[in-house]
Every structure is written in C-alpha cells, then in structure tokens.
Amino acid sequence: MVETAVKIDNVSFKYRNSDSFALRRISFEVAEGEFILLAGFSGSGKSTLLKCLNGLIPHFHAGSFGGNVEIFGKSTLESETTQLAKQVGFVFQNPENQISNLTVEREIAFPLENFGVPKNEIISRVDELIALLNLEEIKYKSPYSISGGEQQLTAIASALALNPPILVLDEVTAHLSPRSAVRILNLLNELNTKHKKTIIIAEHRLDRCLHFANKLAFLEKGQLKVFDDVRTVFQNKEFPENMLPKIPSLFLKLDKEIGLLDEKANELPLTVEELVATLK
Amino acid sequence: MMIEFENVSFRYDPKTDYVLNDITFKINKAEFVAIVGKNGAGKTTLIKHFNGLLKPNEGIVRIDSLDITKEPISKMASIIGYSFQNPNHQLFAQNVKKELEFGPNNLKVEESTRDTTIQNLVDTFQINHLLERSPFELSGGERRLVSIASVLTMNQQVLVLDEPTYGQDYRQKKRLGSFLNKLTDEGITVVVVSHDMDFILDFIPRTIVLSGGKIVADGETSKVLSDQTLLQDADLISPLLLDLCKSLQQIDDSFTISINEQEVYENILALISKDRKISR
Ligand SMILES: Nc1ncnc2c1ncn2[C@@H]1O[C@H](COP(=O)(O)OP(=O)(O)OP(=O)(O)O)[C@@H](O)[C@H]1O
Ligand SMILES: Nc1ncnc2c1ncn2[C@@H]1O[C@H](COP(=O)(O)OP(=O)(O)OP(=O)(O)O)[C@@H](O)[C@H]1O
Ligand SMILES: [Mg+2]
Ligand SMILES: [Mg+2]
C-alpha cells in the first residue's frame, strides 16, 4: 500500500495583522510519489499553504492556525522544524529569503553541515548538485552577487542537498530562462518517477509541467476550489478558462465549436503530441 | 527619449571576463523593447547602465544627447524609472500607500498630480485593498506588483523594468501589458527584461537577444522568437504554438504557421473541415 506523505486536515490560517483568513478549511491528501501542482491567482494562498508543509506555519509565522498537517503520519505541531527539514526540501518564492552564506558552494553544503553529515560525503554531494544544476561557473561566487536565475538554481540545489522524500517548491522557475525552466521541471519529473519523490509545487508555467502532474489543486481566496486529476480539473467549470494552459485550452475551444472529444479523442490532450494525435 | 549604447563593455571585476562586450544599439523614443537571454547573460547588468547604477568600463551610454556616464545617479531618477528584479531591493515604506507616494514626493511632484497618478494606478491594477498593508506582508505577486506600481508613479520619460511579470497571474499581466502599451503611445520609452515569452509575444514589438556578452539578434519579436538557432543561443524554447504548427504542417503541408493563438485556432478549424469534406 502507498503511504500518505502529506495530510492536510481542515487547515485555516490568518496572519497576525490581517483581518481575513489566508487559508480557509483546506483538506486534501497527497500519497507518497505523487506530483501535485498548486494553482491560483496571485494572493490566493499558495505560498501560505506551502509554508504549512515544512512547519514554518505555525512555528515561525505569527497568526492563528487551525486544523492539522501531517507529514508521514506525524503532525507538524509535534515536530521540530529542523526535523521537518529532513523530510521536506523547501524552496521559497523569493530565493534571497534563504541565502546566507559566503559562496554558492557553502550555501549548498549548509544543510548538510547542519545535520552533521561527514565531510567527505558533503564534498561529493555538493559536487554532484553543482554538476546537476550547472553551477560550476559560479560556485565560488557570493550568492548575493549572482544573477536572479542563478540564485534560484542555488536555492533548488540546497533544497535537494539532504535528499528529502518530499519536495515543496514555490514558483522556482520564475527567474529561469524558458529552457532552464524546462530543464528543472524535467528534473523534478525524473526525481518523481525514478526516485519516487513526492513533489508539490506552485508553478506558473503550467504548460510545461501539466503532463507529469498527477493532480492539480486550485485555490481561490484561501479556499480549495478543485482538487483532482489534471484533465478533470481543466474540464471543471470552477477552473478559470483564462488560466487554462495553451494546448488543453485550444482543444476545448475546438471541441466546443466542432465536437472532438468523443469522435477523435477519449481524453483531453495535454501536450502538442497528444493534440496532434487527436487531429490526425 | 532615445537611448543609445556605443561600444559599451563592462565587467564586475578586472580578473573576470567581460559581462558586456562591445555593445552598440539604439532605442528610439516611444519604443517598447524586450531584452531576453539566458540566466547570467548580463541582462540586469545591461539595464543597470541605463540609469547609471553601473558605469561602463568602456563606451558611452546616452539618453538623448546626455552622456549619462558623466551624470550623477540622482539626476537620472527624474528621467528614468527603474524597477529592480527583486522587489525587496526596492520596497521599504511602512505601508503600500506611503510606498507609492515616496517617488513623487522625492521628485517634488505636486500633491494633486501625485494623487491622480496614484489613483489611476490603484484602479488599473486593482490594489485598493493593499494600500494600508505593509509591503513586507504581501504575497510574492502582490509585492512584485506594488514595486512596479511604485515606479510607475513618477511619470518618467523612460521606464526600465527587470522581470516585471514574474509571479503575476494572467489578469495582472494583461493589465500591465496594456498599461505599458498606452504609455508608449503617449511617447514614453519602455524597456523590459523578461523570460516571459508569452508576455513578450503578446505585447512587445521589438526583441533584443543577449548572448555571450553581445547582442546576437535585434528585431521584430515574432521573427526573433521563431528563429530556432537564436532560440538555442538565448536559452529560449520554441513557443508551444510554433511546435504545434510545425507538426501539423507535416500532416498537411498547406497548414500555415502562426504563433498567434486565434490564428492557430482558425487554421486548425480550416484543416479539420477540409479533412471532413474529403472523408465524406
Ligand atoms: N554584483 C555582482 N558581482 C559580480 N558578478 C556579478 C554581479 N551581479 C551579476 N554578476 C554576474 O554577472 C553575470 C551577469 O549577471 P546578470 O545579473 O546581468 O544576468 P541576467 O542576464 O540578468 O540573469 P538572470 O536572467 O538570471 O537574472 C552573471 O554571470 C553573474 O553571476
Ligand atoms: N506575512 C504576511 N502577513 C500578512 N498577510 C500576508 C502575509 N503574507 C501573505 N499575506 C496575505 O495572505 C494572502 C495569501 O498570500 P500568499 O502569499 O499565500 O498568496 P500566493 O497565492 O502565494 O500569491 P502569489 O501568487 O502572489 O505568490 C494574500 O492576501 C496576502 O496578502
Ligand atoms: Mg506565493
Ligand atoms: Mg537578471
């Protein structure tokens, strides 16, 4: 049986100083090895929800928290954030929020040093990550004097350092070039399919990752409006038409005009290849 | 106002390679131009030369006839609006309203003019509900938007925006794109650095590609962004619609290529109805 990696049970949260709830009674479960996309308008609560997964909420953010989040069966309320860091690799929306070290290399080594990993292991792990994310040219630079995209790649590398079973990434491709973004999304897909990592990401480039996601959670004003299989979500009226990725959007428009879904395809195409196949 | 780079070279450190290597180009008054290129290509470095945040090691940067390498940064503030890639480098006021008022106050703009401009921005971007909030207690996208708006308050003749659309949902992108289009109609020169190809295709007529410290392409956006070798050079990826059209052309060689969504939709409709006629 597949284990439940993340269980979000009736979670609500209101930031101190705020007069409305950023999250309202959210519940859903993520099985180990699933790939979940989180979508929603700006301000809908995506980052707030993600911060509940590594214990930043409620441990560090002041506010009122209700409900419960469990990571592999243990409530975040009962776990220390340092312990959670081993289970949940986390990348902030703003990469500068998590850099602190003298060099990119040290930045990636930092979580490993924190957990007392032996020195030789640290060295090989850091080298591996630097190669994986193409950071050779900047490894001796200060994380404050590199470009925005390079900072984001550095933050991803340090989140992967401890090899955690769950990865939670908040808009990590925002500063990446399109090709580099696809490279990272494909890397996540590989970590998911080959290494059974559970992946939960807020991502604007839905076009480039919807085909490897199992499910999509759509948030609106702090509420979970839809949580379902990606294809089902795109056909759900609650999901805003304008937020639809290009290919499904084009197909649904064509389908509405001339009817394709039963005649040519039995499911909604998500990629160029799938769409072309239905038009052949 | 016109911006002119003449043989500009720059490096951060005499021990390292040039980030900008003998760059020459011209942007005319009221143009809307995108600058693209891979992570670390030097886009941010380039635009920091527009207002003297960085001074070239060699070459000249001119705004109209003014050689800005000889001007103090403070003087440039009244001419050029600049938005940093990371909003944290820009925001500091106690609340959003004060943040928006800071620029115009600093330039001694008359209060009533200031208030009209701000009200217009608040309405355009629908950020009324954020005015009393601290800029540090906003979502990532909200913070980005406020940092952009706080630059737009000053009505300068030239606007330089570093990655303005990241973290924005499609509604905000559309508002921003149309707003900037309107400004160029009024004679303002707008330069945007971006990895957001959809935004560029939708709104920005001219695109400059930076690679290896040089400008490798400069021209009409739709042409530049569908040139495969250039795409490779700039770490870009071909737009999904272009991939789709190419695949469809292999099925039926009369299929016309376009990267405009509506046109592609119509072309596919035509393809299908032709197909159906034949099969009947
Ligand atoms: N303050 C700095 N000191 C030294 N090197 C720097 C500094 N800022 C940037 N660099 C280096 O200069 C090069 C160009 O950086 P720049 O920030 O201009 O890139 P960019 O094209 O804006 O990239 P991105 O798309 O990732 O934002 C990179 O290799 C970067 O590491
Ligand atoms: N530190 C904070 N204090 C008070 N309110 C906050 C804070 N951070 C976020 N908020 C508010 O909580 C709501 C949800 O914010 P959140 O950052 O979770 O949104 P988001 O979906 O991640 O948006 P974006 O796409 O812009 O990143 C927003 O209304 C935001 O203004
Ligand atoms: Mg967010
Ligand atoms: Mg940059």
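A salt bridge here is a side-chain nitrogen of Lys or Arg within 4 Å of a carboxyl oxygen of Asp or Glu. With that in hand, welcome to a set of close-ups of a predicted model.

**Figure 1. A salt bridge joins A:Lys246 and B:Asp198 across the two chains.** The side chains of this pair come to 3.1 Å, N to O. The lysine belongs to helix 9 (246-258) of chain A, one of the elements that give two or more residues to the side touching chain B. Between chain A and chain B the count is four salt bridges, and there are also 14 residue pairs in polar contact, both at pLDDT 80 or more.

**Figure 2. Chain A and chain B meet through 46 residues of chain A and 46 residues of chain B.** The size of an interface is often given as the accessible area lost when the parts come together. For chain A and chain B, the area buried between them is about 4,000 Å², with 57% of it on carbon and sulfur atoms. A:His175, A:Arg179 and A:Lys246 supply 16% of what chain A buries against chain B, more than any other three residues.

**Figure 3. Four helices of chain A give two or more residues each to the side that touches chain B.** They are helix 6 (148-160), helix 7 (178-195), helix 9 (246-258) and helix 10 (272-279). Helix 9 of chain A gives the most, with eight residues. Sorted by class, this side of chain A has 16 nonpolar, 16 polar and 14 charged residues.

**Figure 4. A:Ser47 and A:Gln93 coordinate the magnesium ion (ligand 3).** The donor atoms are OG of A:Ser47 and OE1 of A:Gln93, at 2.0 to 2.2 Å. A:Ser47 sits in helix 1 (residues 46-51) of chain A, while A:Gln93 is in the loop between strand 6 (88-91) and helix 4 (104-114), so far along the chain that 46 residues separate the pair. Both residues are buried.

**Figure 5. A:Asp170 touches both A:Ser47 and A:Gln93.** This aspartate lies in strand 7 (residues 166-170) of chain A and counts as buried because its relative accessibility is 4%, below the 20% cut-off. Leaving out residues up to four places away in sequence, its other contacts are A:Leu50, A:Val91, A:Phe92 and A:Ala202.

**Figure 6. In chain B, the magnesium ion (ligand 4) has B:Thr44 and B:Gln85 as its protein donors.** OG1 of B:Thr44 and OE1 of B:Gln85 lie 2.0 to 2.3 Å from the ion. B:Thr44 is in helix 1 (residues 43-47) of chain B and B:Gln85 in the loop between strand 6 (80-83) and helix 3 (96-106), so the pair ties together parts 41 residues apart in sequence. B:Gln85 is buried, at 13% relative accessibility.

**Figure 7. A:Thr198 is buried in strand 8 (residues 198-202) of chain A.** Its relative accessible area is 0%. A polar atom of its side chain lies 2.9 Å from the backbone nitrogen of A:Gly33. Not counting residues up to four places away in sequence, A:Thr198 touches several residues, including A:Ala5, A:Val30, A:Glu32, A:Pro165 and A:Leu167.

**Figure 8. The buried residues of helix 4 of chain A pack against helix 5 (119-132) and helix 6 of chain A.** They are A:Val104, A:Glu107, A:Ile108, A:Ala109, A:Pro111 and A:Leu112. Just after helix 4, A:Gly116 takes a positive phi of about 65°.

Technical notes: Residues are numbered from 1 along each chain as its sequence is written. Chains are lettered from A and ligands numbered from 1 in the order in which they are written. This is a predicted model: local features need pLDDT of at least 70, side-chain atom pairs count only at pLDDT 80 or more; totals for chains, interfaces and linings use all residues. Side-chain values use heavy atoms; hydrogens and water are left out. Donors are N, O and S atoms within 2.8 Å of the metal (3.2 Å for Na, K and Ca); water is not among the atoms, so sites may look incomplete. Buried means under 20% relative accessible area, exposed over 50%, partly exposed in between (1.4 Å probe, protein chains only). Contact means heavy atoms within 4.5 Å. Buried area is the accessible area (1.4 Å probe) that two parts lose on being put together, summed over both. A polar contact is a pair of N or O atoms within 3.5 Å; within protein, one must be able to donate a hydrogen and the other to accept it, and residues adjacent in sequence count only if both atoms are side-chain atoms. Ala, Val, Leu, Ile, Met, Phe, Trp, Tyr, Cys and Pro count as nonpolar, Asp, Glu, Lys and Arg as charged, and the others, Gly among them, as polar.
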